[in-house]
Amino acid sequence: MRVLVGGGTGFVGTALTQLLKARGHEVTLVSRQPRPGRITWDELARSGLPSCDVAVNLAGENILNPLRRWNEAFQKDVLSSRLETTQMLAKAITKAPQPPKAWILVTGVAYYRPSLTAEYDEDSPGGDFDFFSNLVTKWEAAARLPGDSTRQVVVRSGVVLGRGGGAIGHMLLPFRLGLGGPIGSGNQFFPWIHIQDLAGILTHALEVNHVQGILNGVAPASTTTNAEFAQALGTALGRPAFIPLPATVVRAVFGRERAIMLLEGQKVVPRRTLATGYQYSFPELGAALKEIVA
(Lines give C-alpha, C1' and ligand atoms only; values in the text may rest on other atoms or scores of the structure.)
Protein backbone atom coordinates (compact mmCIF):
# COMPACT_ATOMS: atom_id res chain seq x y z
CA MET A 1 0.00 0.00 0.00
CA ARG A 2 0.99 3.65 -0.37
CA VAL A 3 1.28 5.12 3.11
CA LEU A 4 1.57 8.82 3.92
CA VAL A 5 3.20 9.47 7.33
CA GLY A 6 3.00 12.90 8.97
CA GLY A 7 5.90 13.55 11.36
CA GLY A 8 7.60 10.45 10.05
CA THR A 9 11.19 11.61 10.61
CA GLY A 10 11.12 11.17 14.42
CA PHE A 11 11.84 8.20 16.68
CA VAL A 12 8.53 6.35 16.10
CA GLY A 13 8.25 7.44 12.45
CA THR A 14 11.66 5.99 11.61
CA ALA A 15 10.77 2.62 13.16
CA LEU A 16 7.37 2.60 11.42
CA THR A 17 8.89 3.51 8.03
CA GLN A 18 11.44 0.66 8.31
CA LEU A 19 8.72 -1.86 9.18
CA LEU A 20 6.37 -0.68 6.41
CA LYS A 21 9.10 -0.85 3.77
CA ALA A 22 10.17 -4.30 5.02
CA ARG A 23 6.54 -5.41 4.50
CA GLY A 24 6.53 -4.08 0.93
CA HIS A 25 4.61 -0.83 1.45
CA GLU A 26 5.56 2.47 -0.18
CA VAL A 27 6.10 5.36 2.25
CA THR A 28 5.93 9.14 1.70
CA LEU A 29 6.75 11.37 4.67
CA VAL A 30 5.27 14.79 5.45
CA SER A 31 7.90 16.92 7.17
CA ARG A 32 9.12 20.49 7.49
CA GLN A 33 12.11 19.97 5.18
CA PRO A 34 11.72 19.04 1.49
CA ARG A 35 13.71 15.95 0.41
CA PRO A 36 13.24 13.02 -1.98
CA GLY A 37 10.37 10.77 -0.84
CA ARG A 38 8.89 13.60 1.24
CA ILE A 39 6.41 16.41 0.90
CA THR A 40 6.28 19.45 3.18
CA TRP A 41 3.31 20.54 5.31
CA ASP A 42 3.11 23.68 3.14
CA GLU A 43 2.79 21.55 -0.01
CA LEU A 44 0.10 19.46 1.66
CA ALA A 45 -1.85 22.62 2.58
CA ARG A 46 -1.43 24.01 -0.95
CA SER A 47 -1.87 20.98 -3.17
CA GLY A 48 -3.94 18.62 -1.03
CA LEU A 49 -3.42 14.95 -0.23
CA PRO A 50 -1.11 13.01 -2.55
CA SER A 51 -2.60 9.75 -3.76
CA CYS A 52 -2.35 7.22 -0.89
CA ASP A 53 -4.14 4.21 0.62
CA VAL A 54 -3.47 5.12 4.26
CA ALA A 55 -2.57 8.34 6.12
CA VAL A 56 -0.88 8.25 9.55
CA ASN A 57 -0.06 11.21 11.81
CA LEU A 58 2.79 11.01 14.34
CA ALA A 59 3.68 14.72 14.37
CA GLY A 60 4.14 16.47 17.70
CA GLU A 61 6.71 18.45 19.65
CA ASN A 62 8.47 16.32 22.34
CA ILE A 63 6.56 17.19 25.54
CA LEU A 64 9.28 15.95 27.91
CA ASN A 65 12.13 17.89 26.29
CA PRO A 66 14.07 18.93 29.43
CA LEU A 67 15.72 21.78 27.49
CA ARG A 68 12.37 23.56 27.01
CA ARG A 69 10.84 25.45 29.93
CA TRP A 70 7.19 24.63 30.59
CA ASN A 71 5.78 28.08 29.80
CA GLU A 72 2.98 29.46 27.65
CA ALA A 73 5.10 29.53 24.47
CA PHE A 74 6.09 25.86 24.80
CA GLN A 75 2.52 24.83 25.67
CA LYS A 76 1.40 26.58 22.47
CA ASP A 77 4.02 24.63 20.45
CA VAL A 78 2.89 21.36 22.05
CA LEU A 79 -0.73 22.08 21.13
CA SER A 80 -0.22 23.48 17.63
CA SER A 81 2.31 20.82 16.55
CA ARG A 82 -0.39 18.20 17.21
CA LEU A 83 -3.68 19.93 16.44
CA GLU A 84 -2.66 21.84 13.31
CA THR A 85 -0.97 18.89 11.60
CA THR A 86 -3.91 16.62 12.47
CA GLN A 87 -6.48 19.18 11.23
CA MET A 88 -4.47 19.71 8.05
CA LEU A 89 -4.38 15.97 7.25
CA ALA A 90 -8.04 15.46 8.20
CA LYS A 91 -9.07 18.36 5.96
CA ALA A 92 -6.94 17.05 3.07
CA ILE A 93 -8.52 13.58 3.47
CA THR A 94 -12.04 15.07 3.46
CA LYS A 95 -11.31 17.02 0.26
CA ALA A 96 -9.44 14.22 -1.56
CA PRO A 97 -11.21 12.95 -4.70
CA GLN A 98 -10.02 9.43 -3.74
CA PRO A 99 -9.81 9.42 0.07
CA PRO A 100 -7.50 6.86 1.71
CA LYS A 101 -8.94 3.60 3.04
CA ALA A 102 -7.60 4.27 6.56
CA TRP A 103 -6.58 7.25 8.72
CA ILE A 104 -4.52 6.54 11.85
CA LEU A 105 -3.55 8.93 14.64
CA VAL A 106 -1.22 8.32 17.60
CA THR A 107 -2.18 10.16 20.83
CA GLY A 108 -1.40 9.22 24.45
CA VAL A 109 -2.57 7.46 27.60
CA ALA A 110 -2.51 10.87 29.36
CA TYR A 111 -6.21 10.77 28.36
CA TYR A 112 -6.83 8.58 31.46
CA ARG A 113 -6.72 10.11 34.96
CA PRO A 114 -3.67 9.04 37.00
CA SER A 115 -4.63 6.57 39.76
CA LEU A 116 -3.00 3.98 42.02
CA THR A 117 -6.12 1.77 41.89
CA ALA A 118 -8.15 2.27 38.68
CA GLU A 119 -7.62 0.12 35.58
CA TYR A 120 -8.40 1.61 32.18
CA ASP A 121 -9.26 -0.01 28.86
CA GLU A 122 -10.20 1.67 25.57
CA ASP A 123 -13.79 2.32 26.70
CA SER A 124 -12.83 4.02 29.98
CA PRO A 125 -13.73 7.69 30.47
CA GLY A 126 -11.15 10.49 30.67
CA GLY A 127 -9.91 13.44 28.70
CA ASP A 128 -11.15 16.29 30.83
CA PHE A 129 -9.08 16.90 33.98
CA ASP A 130 -5.74 18.60 33.12
CA PHE A 131 -3.70 20.13 30.27
CA PHE A 132 -2.64 16.77 28.81
CA SER A 133 -5.98 14.97 29.01
CA ASN A 134 -7.67 17.98 27.39
CA LEU A 135 -4.96 17.99 24.73
CA VAL A 136 -5.73 14.35 23.84
CA THR A 137 -9.47 15.12 23.65
CA LYS A 138 -8.91 18.09 21.29
CA TRP A 139 -6.36 16.12 19.27
CA GLU A 140 -8.66 13.14 18.72
CA ALA A 141 -11.56 15.50 17.89
CA ALA A 142 -9.38 17.26 15.28
CA ALA A 143 -8.85 13.91 13.53
CA ARG A 144 -12.53 12.93 13.23
CA LEU A 145 -13.82 12.66 9.69
CA PRO A 146 -17.43 12.96 8.57
CA GLY A 147 -18.98 9.79 7.10
CA ASP A 148 -17.44 6.34 7.05
CA SER A 149 -15.66 6.03 3.71
CA THR A 150 -12.29 6.07 5.55
CA ARG A 151 -11.57 3.70 8.45
CA GLN A 152 -10.46 5.71 11.50
CA VAL A 153 -8.08 4.40 14.18
CA VAL A 154 -6.59 6.17 17.20
CA VAL A 155 -3.71 4.54 19.08
CA ARG A 156 -3.22 5.92 22.62
CA SER A 157 0.44 5.23 23.24
CA GLY A 158 2.22 4.63 26.53
CA VAL A 159 5.89 5.52 27.15
CA VAL A 160 7.78 4.31 24.06
CA LEU A 161 10.90 2.28 24.83
CA GLY A 162 13.50 1.63 22.16
CA ARG A 163 17.14 1.87 21.21
CA GLY A 164 18.60 5.25 20.30
CA GLY A 165 15.83 7.57 21.44
CA GLY A 166 12.59 8.00 23.33
CA ALA A 167 12.40 7.77 27.11
CA ILE A 168 15.34 5.37 27.46
CA GLY A 169 17.66 7.86 25.74
CA HIS A 170 17.53 10.17 28.79
CA MET A 171 17.76 7.36 31.36
CA LEU A 172 20.67 5.24 30.19
CA LEU A 173 23.58 7.35 31.42
CA PRO A 174 22.51 7.65 35.09
CA PHE A 175 21.50 3.98 35.16
CA ARG A 176 24.80 2.84 33.57
CA LEU A 177 26.61 4.84 36.26
CA GLY A 178 24.60 3.05 38.96
CA LEU A 179 22.76 6.31 39.78
CA GLY A 180 19.35 5.25 38.47
CA GLY A 181 16.26 4.53 40.50
CA PRO A 182 12.54 5.16 40.83
CA ILE A 183 11.03 8.58 40.14
CA GLY A 184 9.24 10.08 43.15
CA SER A 185 7.49 7.41 45.23
CA GLY A 186 7.95 4.77 42.50
CA ASN A 187 4.43 3.45 43.26
CA GLN A 188 2.88 5.09 40.19
CA PHE A 189 2.01 2.86 37.23
CA PHE A 190 4.29 3.07 34.20
CA PRO A 191 2.35 2.22 31.00
CA TRP A 192 5.06 1.34 28.44
CA ILE A 193 5.42 -0.16 24.97
CA HIS A 194 8.43 -1.36 22.97
CA ILE A 195 8.90 0.73 19.81
CA GLN A 196 8.69 -2.41 17.63
CA ASP A 197 5.24 -3.10 19.06
CA LEU A 198 4.00 0.47 18.56
CA ALA A 199 5.15 0.28 14.92
CA GLY A 200 3.62 -3.22 14.80
CA ILE A 201 0.21 -2.05 16.09
CA LEU A 202 0.15 0.80 13.55
CA THR A 203 1.07 -1.58 10.72
CA HIS A 204 -1.55 -4.10 11.92
CA ALA A 205 -4.15 -1.29 12.02
CA LEU A 206 -3.43 -0.23 8.44
CA GLU A 207 -3.27 -3.78 7.03
CA VAL A 208 -6.29 -5.36 8.78
CA ASN A 209 -9.61 -4.01 7.51
CA HIS A 210 -11.74 -4.69 10.59
CA VAL A 211 -9.55 -2.62 12.96
CA GLN A 212 -11.11 0.71 13.90
CA GLY A 213 -11.73 3.07 16.81
CA ILE A 214 -9.52 3.45 19.89
CA LEU A 215 -6.63 1.07 20.63
CA ASN A 216 -4.39 1.34 23.69
CA GLY A 217 -0.76 1.24 22.55
CA VAL A 218 0.69 -0.30 25.71
CA ALA A 219 2.25 -3.66 26.51
CA PRO A 220 -0.03 -6.26 28.14
CA ALA A 221 2.24 -6.24 31.25
CA SER A 222 0.70 -2.90 32.17
CA THR A 223 0.77 -3.45 35.93
CA THR A 224 4.42 -2.33 35.98
CA THR A 225 5.12 0.38 38.55
CA ASN A 226 7.84 2.98 38.11
CA ALA A 227 9.93 1.28 40.84
CA GLU A 228 9.61 -2.10 39.05
CA PHE A 229 10.62 -0.47 35.78
CA ALA A 230 13.74 1.06 37.43
CA GLN A 231 14.60 -2.31 38.94
CA ALA A 232 14.19 -4.09 35.57
CA LEU A 233 16.34 -1.50 33.75
CA GLY A 234 19.05 -1.83 36.43
CA THR A 235 18.94 -5.63 36.05
CA ALA A 236 19.18 -5.40 32.23
CA LEU A 237 22.28 -3.20 32.62
CA GLY A 238 23.73 -5.24 35.51
CA ARG A 239 23.66 -2.13 37.74
CA PRO A 240 21.99 -1.24 41.05
CA ALA A 241 18.92 1.00 40.68
CA PHE A 242 17.86 2.25 44.08
CA ILE A 243 18.71 5.99 44.10
CA PRO A 244 15.32 7.69 43.82
CA LEU A 245 14.86 10.91 41.85
CA PRO A 246 12.96 13.14 44.30
CA ALA A 247 9.64 14.64 43.20
CA THR A 248 10.92 18.14 44.05
CA VAL A 249 13.75 17.78 41.49
CA VAL A 250 11.35 16.51 38.80
CA ARG A 251 9.05 19.49 39.41
CA ALA A 252 12.00 21.91 39.31
CA VAL A 253 13.22 20.56 35.95
CA PHE A 254 9.89 19.97 34.18
CA GLY A 255 7.46 22.33 35.92
CA ARG A 256 4.57 21.21 38.13
CA GLU A 257 2.05 20.48 35.35
CA ARG A 258 4.45 18.48 33.19
CA ALA A 259 5.99 16.64 36.18
CA ILE A 260 2.61 14.89 36.66
CA MET A 261 3.45 12.78 33.59
CA LEU A 262 6.46 11.33 35.43
CA LEU A 263 5.26 11.37 39.05
CA GLU A 264 1.77 9.94 38.47
CA GLY A 265 0.69 7.12 36.19
CA GLN A 266 -2.20 5.03 34.93
CA LYS A 267 -2.79 1.29 34.78
CA VAL A 268 -3.80 0.90 31.12
CA VAL A 269 -4.69 -2.42 29.46
CA PRO A 270 -4.74 -3.04 25.67
CA ARG A 271 -8.01 -5.01 25.69
CA ARG A 272 -9.19 -3.98 22.21
CA THR A 273 -5.68 -4.11 20.76
CA LEU A 274 -5.41 -7.78 21.77
CA ALA A 275 -8.99 -8.44 20.58
CA THR A 276 -8.05 -7.25 17.05
CA GLY A 277 -5.57 -10.15 16.91
CA TYR A 278 -2.36 -8.15 17.30
CA GLN A 279 0.44 -10.33 18.71
CA TYR A 280 3.08 -8.53 20.76
CA SER A 281 6.80 -9.06 20.10
CA PHE A 282 7.66 -7.73 23.56
CA PRO A 283 4.78 -8.32 26.00
CA GLU A 284 7.16 -8.55 29.01
CA LEU A 285 9.36 -5.75 30.33
CA GLY A 286 12.50 -7.83 31.04
CA ALA A 287 12.81 -9.08 27.45
CA ALA A 288 11.98 -5.61 26.03
CA LEU A 289 14.74 -3.94 28.05
CA LYS A 290 17.24 -6.69 27.31
CA GLU A 291 16.73 -6.13 23.56
CA ILE A 292 17.09 -2.34 23.94
CA VAL A 293 20.31 -2.27 25.98
CA ALA A 294 21.97 -5.28 24.25
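# A first look at the structure

Helix α6 is mostly covered, with 11 of its 13 residues buried. Keep in mind as you explore that this is a predicted model. Besides α6, this briefing visits a cluster of aromatic rings that takes in Trp70, Phe74, Phe131 and Phe132, and a nonpolar core of 37 residues.

**Helix α6**

- Helix α6 runs over residues 195-207, and at 1.5 Å a residue its 13 residues should span 18 Å; the end C-alpha atoms are 18 Å apart, so the model agrees with the expected span.
- To see the covered part for yourself, look for Ile195, Asp197, Leu198, Ala199, Gly200, Ile201, Leu202, Thr203, His204, Ala205 and Leu206, which are the buried residues of α6.

**Aromatic rings**

- A pair of aromatic rings is described by the distance of the centres and the angle of the planes.
- There are eight aromatic pairs in the structure.
- In one of them, Trp70 and Phe131 have ring centres 5.2 Å apart and planes at 90°, so this pair is edge-to-face.
- Trp70 sits in the loop between β4 (54-57) and α3 (72-95), while Phe131 belongs to helix α4 (residues 131-143), so the pair ties together parts that are 61 residues apart in sequence.
- Phe131 also pairs with Phe132: their ring centres lie 5.1 Å apart with the planes at 85°, so this pair too is edge-to-face.
- Trp70 is buried, at a relative accessible area of 14%, and Phe131 counts as buried at 15% relative accessibility.
- Phe132 is buried as well, like Phe131.
- Through ring pairs, Trp70, Phe74, Phe131 and Phe132 are linked into a cluster.

**A charge over a ring**

- Arg156 lies over the face of Tyr111, at 3.7 Å from the ring centre.

**Nonpolar cores**

- The largest nonpolar core has 37 residues, and those touching the most other members are Leu4, Leu44, Leu49, Val78, Leu89 and Trp103.
- At least two residues of this core come from each of α2 (41-47), α3, β5 (102-108) and α4.
- Helix α3 gives the largest share of this core, with seven residues.
- Apart from this core lies another one, of 29 residues, which includes Val3, Leu20, Val160 and Ala205.
- Ala205 is also among the buried residues of α6.

**Around Val78**

- Leaving aside residues up to four places away in sequence, Val78 touches Glu61, Ile63, Trp70, Phe131 and Leu135.
- Two of these neighbours, Trp70 and Phe131, are familiar from the edge-to-face ring pair.

Terms used. Residues are numbered from 1 along each chain as its sequence is written. This is a predicted model: local features need pLDDT of at least 70, side-chain atom pairs count only at pLDDT 80 or more; totals for chains, interfaces and linings use all residues. Side-chain values use heavy atoms; hydrogens and water are left out. Helices (H or I, at least four residues) and strands (E, at least two) are DSSP runs, numbered from the N terminus. The expected span of a helix is 1.5 Å times one less than its number of residues. Buried means under 20% relative accessible area, exposed over 50%, partly exposed in between (1.4 Å probe, protein chains only). Rings of Phe, Tyr and Trp (its six-membered ring) pair if their centres lie within 6.5 Å; planes under 30 degrees apart count as stacked, over 60 as edge-to-face and the rest as tilted. A charge sits over a ring if NZ of Lys or CZ of Arg is within 6 Å of the ring centre and within 35 degrees of the ring normal. A nonpolar core is a set of buried Ala, Val, Leu, Ile, Met, Phe, Trp, Tyr and Cys residues joined through side-chain atoms within 4.5 Å. Contact means heavy atoms within 4.5 Å.
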